[in-house]
Amino acid sequence: MMRIGMLTSGGDCQSLNATMRGVAKALYRMFDDVEIIGFEDGYKGLIYADYRIMDRREFSGILTKGGTILGTSRQPFKQMRIPDENGLDKVEAMKHTYRKLKLECLVVLGGNGSQKTANLLREEGLNVVSLPKTIDNDLWGTDVTFGFQSAINVATNAIDCIHTTAASHGRVFIVEVMGHKVGWLTLYAGIAGGADIILLPEIPYDMNVIVKALQMRNKQGKRFSILAVAEGAISKEDALLTKKELKEKKKNGPVYPSVAYEIGAQITERTGQEVRVTVPGHMQRGGEPCPYDRVLSTRLGAEAALLIKNKDYGNMVAVKNNEIVKIPLQEIAGKLKTVDPDCSLVKEAKMIGISFGDE
Ligand code: F6P
């Protein structure tokens, strides 16, 4: 009997179940005697031995189901080496669970932090295979992560809905898109939704430039403007500050629920225009996976199973030029894939008149 552990970790996304299904279906076909152990709520389940032996029927009928049948939780990488409130060594506990269950391999579906922990477990001698999950698309080493396209659909749909009401009232609308550190989702949804101004963490904005872009639209007779703003959008002045200085500045200034409200207040103050803010929030991680993600998850899942069959451990399956490849975990752990401000997509968007608030 071969036993494979599986967990989903970090923020969820639409295509986690589709991916687990891909891994499981391929494994059940490859081996006659495989048992999948599902850990509840991510690494938490591995730490506290909270698991269940999966019935293979659990992997049927979940291709289109958002969320994760295993549950998930955030277990920050930087706290992995810190004992829990009862003094438990989490890393040792995870190794203990793995060994006690006599696992052949641990399959991890996760984003950046989860991949770092997967790499730590590899360094500690466990067999690990991981898969690239996140709506943020910020995992280094893969062209695309599963969940990203589905989230683009939701965020784009939000901007589409805003378009009609913005046109009726002649207002400025800001749609805040998920992404604290990277702006992939905002960039794609912003372009797909026809936003006039797109603000990304990677391209600090100048409020004067935003105001000019809005005034220009007014002059052209456009009744409304739409901004797609990433959660982590930052002004040029703030981008120059250290983390500590920025915290201090925010503490002493007006308090806003999020960056979109701050930008909105500044726009009203500078232009007198009426601004409305929409934050689709966790809707962007919800609902069913789009067909692209279902296909991607199926491919990644099958190839992850193949890595297990070949005992090719310590890798993440990834997409390179539409092919599924493997990347050693130590090469990806701790690296972010950010938007290059000079990339062709940004240049092309600028060519059609989209402002990024920078020039
Ligand atoms: O990492 C995915 C993500 O959805 C980010 O885009 C977002 O900033 C964050 O998670 C939200 O986290 P939480 O679900 O913990 O509020």
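Contact means heavy atoms within 4.5 Å. This is a predicted model, in which local features need pLDDT of at least 70, side-chain atom pairs count only at pLDDT 80 or more, and totals for chains, interfaces and linings use all residues. Residues are numbered from 1 along each chain as its sequence is written, and side-chain values use heavy atoms, without hydrogens and water.

**Exercise 1.** State which residues Phe59 touches, leaving out those up to four places away in sequence.

*Solution.* Step 1: Before Phe59 in the numbering, the list includes Met6, Met20, Arg21, Ala24 and Lys25. Step 2: The list also holds Tyr28, Ile36 and Met54.

**Exercise 2.** Describe the largest nonpolar core and the other core.

*Solution.* Step 1: A nonpolar core is a set of buried (under 20% relative accessible area, 1.4 Å probe, protein chains only) Ala, Val, Leu, Ile, Met, Phe, Trp, Tyr and Cys residues joined through side-chain atoms within 4.5 Å. Step 2: The largest has 66 residues, and Met6, Phe59, Leu131, Ile308 and Phe356 touch the most other members. Step 3: Helix α5 (residues 148-169) gives the most to this core, eight residues. Step 4: Another core of 26 residues lies apart from it, with Ile37, Leu46, Ala93 and Met316 among them.

**Exercise 3.** Find how much of the protein chain is buried, and how its contacts are spread along the sequence.

*Solution.* Step 1: Of 359 residues, 54% count as buried. Step 2: Taking contacts between residues at least 6 apart in sequence, 74% join residues at least 24 apart.

**Exercise 4.** Give the extent of the C-alpha trace of the protein chain.

*Solution.* Along its principal axes the trace spans about 70 × 40 × 30 Å.

Conventions. Buried < 20%, exposed > 50% of the residue type's maximum accessible area, 1.4 Å probe, protein only. Helix = DSSP H or I, 4+ residues; strand = E, 2+ residues; numbered from the N terminus.
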